[in-house]
Amino acid sequence: MPEARTTAARRTARRTGAVAVAAAGLMAATTALAGPATASPEGAAGDAPPAPHAATRQAMDAQVAAGVPGVTGQVADARGGWTGTAGVADLGTGRPRGGQDRYRIGSITKTFVSTVLLQLQAEGRIDLDDSVDAWLPGLVEGNGHDGGGITVRQLLNHTSGVHNYTADPGFQQTVFGPGFLEHRYDTWSPRRLVRLAMAHAPDFPPGTDWSYSNTNYVLAGLVVESVTGRPYGEEVRRRIIGPLGLRSTGVPGTDSRMPRPGARAYSKLSEESTGTTYDVTELNPSIAWAAGEMISSSADLNRFTSALLSGRLLTSAGLREMTATVPAGEQPPGSATYGLGLMRMKLSCGKEVWGHTGGIHGSLSGAVTTRNGRHSLAFNLNGDWTGDPIALVEAEYCGTTATAREEGSAQRPTPLL
């Protein structure tokens with residue numbers, strides 16, 4: 001990959017890693033297959049004043065109009081629950097998207113991993129200010145990397161300077177580019193992913209800057225395993241999935257299949273927004289591991305973010321640490337900051353939401369909530385190269401219509417956020 005293209009990809013990764021979610025979509029030719037957004041009865045508009053979540057329904061329709069195959073989302077707030085869908089789950093059959101769809105959540109996985117580490121700290125089994133070398137001796141070294149000078153906390157808030165393995169040109173060609181079709185079922189061990197990062201120089205000295213790096217959370221998952229002696233996914237299931245009853249959430253490991261119900265996932269496998277559309281639903285999620293392999297649903301994600309921000313999963317001290325944020329790269333001052341696996345985002349209307357985004361082949365997702373966990377939104381788009389999903393967040397919390405955000409709002413996504 002030419003250096004200019006690699007640099008652009010790194011710059012995009014910094015930008016999209018810090019906002020609510022990157023843009024996504026599909027070619028305009030597919031929009032004929034898509035119908036208008038549908039909603040649960042409480043969302044019916046009729047002739048009354050604008051119904052609750054009306055702007056969110058409009059934002060879903062706007063994504064489909066922009067070419068996204070389909071959108072699904074749910075809201076949990078003081079009124080109860082609301083579900084909205086738009087477009088299709090399958091371009092071949094025209095099957096509509098469903099409110100209970102399961103989907104790959106990409107980097108929302110990071111919030112689960114960070115929660116586990118904060119729980120382990122509360123139990124006195126680790127200190128987040130321990131060095132990475134204390135738990136993974138000799139793994140982070142080479143080309144200027146030094147695990148002895150990086151803390152676990154710096155992994156979790158992306159201030160470690162550790163190079164992002166998904167920016168490696170060879171990895172990009174094999175996993176995100178045309179090589180995907182040949183290698184989609186390959187297994188990548190987490191230590192192999194770390195070695196890819198170690199082949200490059202650090203982005204900056206630890207603690208001196210911020211840069212979104214998936215390597216940080218591969219290392220964090222390995223730290224969980226070193227502390228507990230169990231797979232990180234088992235800890236996620238034991239500490240979060242089971243206690244919260246997240247029946248649609250899983251850590252698939254190397255299983256390439258998607259559980260039902262769910263939508264197909266679509267990608268161009270290119271930085272371009274035109275050309276062939278590929279079905280990328282099946283893939284070996286070890287390419288992301290603890291940085292982004294999990295599967296969930298909108299209802300489960302709302303339950304998780306609400307429980308997290310309302311203090312059901314962490315001690316008050318742990319939640320304070322998680323929500324202590326640092327500036328997130330090149331964002332406008334105050335618009336987005338990053339805590340420990342958790343983003344704080346200030347919206348156009350002045351409101352704040354907390355959560356994370358996730359992107360992996362053909363799937364872009366968001367899960368956000370208010371600081372008290374009482375108003376949550378989770379959603380998924382099953383295409384990954386056009387549109388403006390951040391409009392869904394603005395619409396739900398600010399009532400901002402898609403029309404007001406049309407100019408300059410879309411952002412080119414990275415394949416794995």
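**Long-range contacts and local geometry in the predicted chain**

Among the contacts in the chain that have a separation of 6 or more, 72% are accounted for by residues 24 or more positions apart. The model is a predicted one, and its chain contains 13 helices and 15 strands. Of the 417 residues, 58% count as buried, while the surface that the chain exposes comes to about 15,200 Å², of which carbon and sulfur atoms supply 50%.

The packing of helices is considered next. Two packed helices are described by the angle between their axes and the distance between the axes. For helix α3, which spans residues 109-122, and α9, the angle is about 40 degrees and the axes are 10 Å apart; the crossing of α3 and α9 is left-handed. On the side of α3, the contact is made by K110, V113, S114, V116, L117 and L120, and on the side of α9 by N214, Y217, A220, G221, V223, V224, V227 and T228. Divided by character, the residues of this contact between α3 and α9 comprise 9 that are nonpolar, 4 that are polar and 1 that is charged.

Helix α8, formed by residues 190-198, has P190, L193, V194, A197 and M198 as its buried residues. These residues lie on the same side of α8, because the arc that they cover around the axis is only 145 degrees. The elements that cover the buried residues of α8 include two strands, β5 (141-142) and β6 (145-146), together with the helices α6 (169-176) and α9 (214-228). Helix α9 therefore appears both in the cover of the buried residues of α8 and, as described above, in the packing with α3, where the axes of the two helices are 10 Å apart.

Several single residues illustrate how positions that are separated in sequence are brought together in the model. V132 is found in helix α4, residues 132-135, and counts as buried because its relative accessibility is 0%, against a cut-off of under 20%. The C-alpha atoms of V132 and V223 are 7.8 Å apart in space, although the two residues are 91 positions apart in sequence; V223 is also one of the α9 residues that make the contact with α3. When residues up to four places away in sequence are not counted, V132 touches V140, G147, I150, T151, V152 and L155. In strand β3, residues 80-87, is placed W82, which counts as buried at a relative accessibility of 1%. Between the C-alpha atoms of W82 and H53, which are 29 residues apart along the chain, the separation is 8.0 Å.

The loop between α10 (232-244) and β7 (266-267) contains S256, and P261 has its place in the loop between α10 and β7 as well. S256 is buried, with a relative accessible area of 14%, and touches R104, Y185, T281, E282, L283, N284 and P285, residues up to four places away in sequence not being counted. From S256 to P285 the distance is 6.6 Å, C-alpha to C-alpha, at a sequence separation of 29 residues. A cis peptide bond, with omega at about 0 degrees, joins R260 and P261.

Departures from common backbone geometry can be set against a general expectation: most residues other than glycine have a negative phi, and most peptide bonds are trans. N143, in the loop between β5 and β6, has a positive phi near 55 degrees although N143 is a residue other than glycine, and is partly exposed, with a relative accessible area of 48%. W289, in the loop between β8 (278-279) and β9 (295-297), likewise has a positive phi, near 45 degrees, but W289 is buried, with a relative accessible area of 10%.

The loop between β6 and α5 (152-156) holds G148, which is partly exposed, with a relative accessible area of 43%. The C-alpha atoms of G148 and A134 are 7.4 Å apart in space, while the two residues are 14 positions apart in sequence. With the neighbours of G148 within four places in sequence left aside, the residues in contact with G148 are S131 and D133.

Definitions and conventions. Residues are numbered from 1 along each chain as its sequence is written. This is a predicted model: local features need pLDDT of at least 70, side-chain atom pairs count only at pLDDT 80 or more; totals for chains, interfaces and linings use all residues. Side-chain values use heavy atoms; hydrogens and water are left out. Buried means under 20% relative accessible area, exposed over 50%, partly exposed in between (1.4 Å probe, protein chains only). Helices (H or I, at least four residues) and strands (E, at least two) are DSSP runs, numbered from the N terminus. The arc is that of the directions from the helix axis to the C-beta atoms. Contact means heavy atoms within 4.5 Å. Axes are lines fitted to C-alpha atoms, for helices over the stretch in contact, and angles run from 0 to 180 degrees between N-to-C directions. A crossing is left-handed if the near helix is turned anticlockwise from the far one by less than a right angle, and right-handed if clockwise. Ala, Val, Leu, Ile, Met, Phe, Trp, Tyr, Cys and Pro count as nonpolar, Asp, Glu, Lys and Arg as charged, and the others, Gly among them, as polar. Accessible areas come from the Shrake-Rupley method with a 1.4 Å probe; for residues, only the protein chains shown count as cover.
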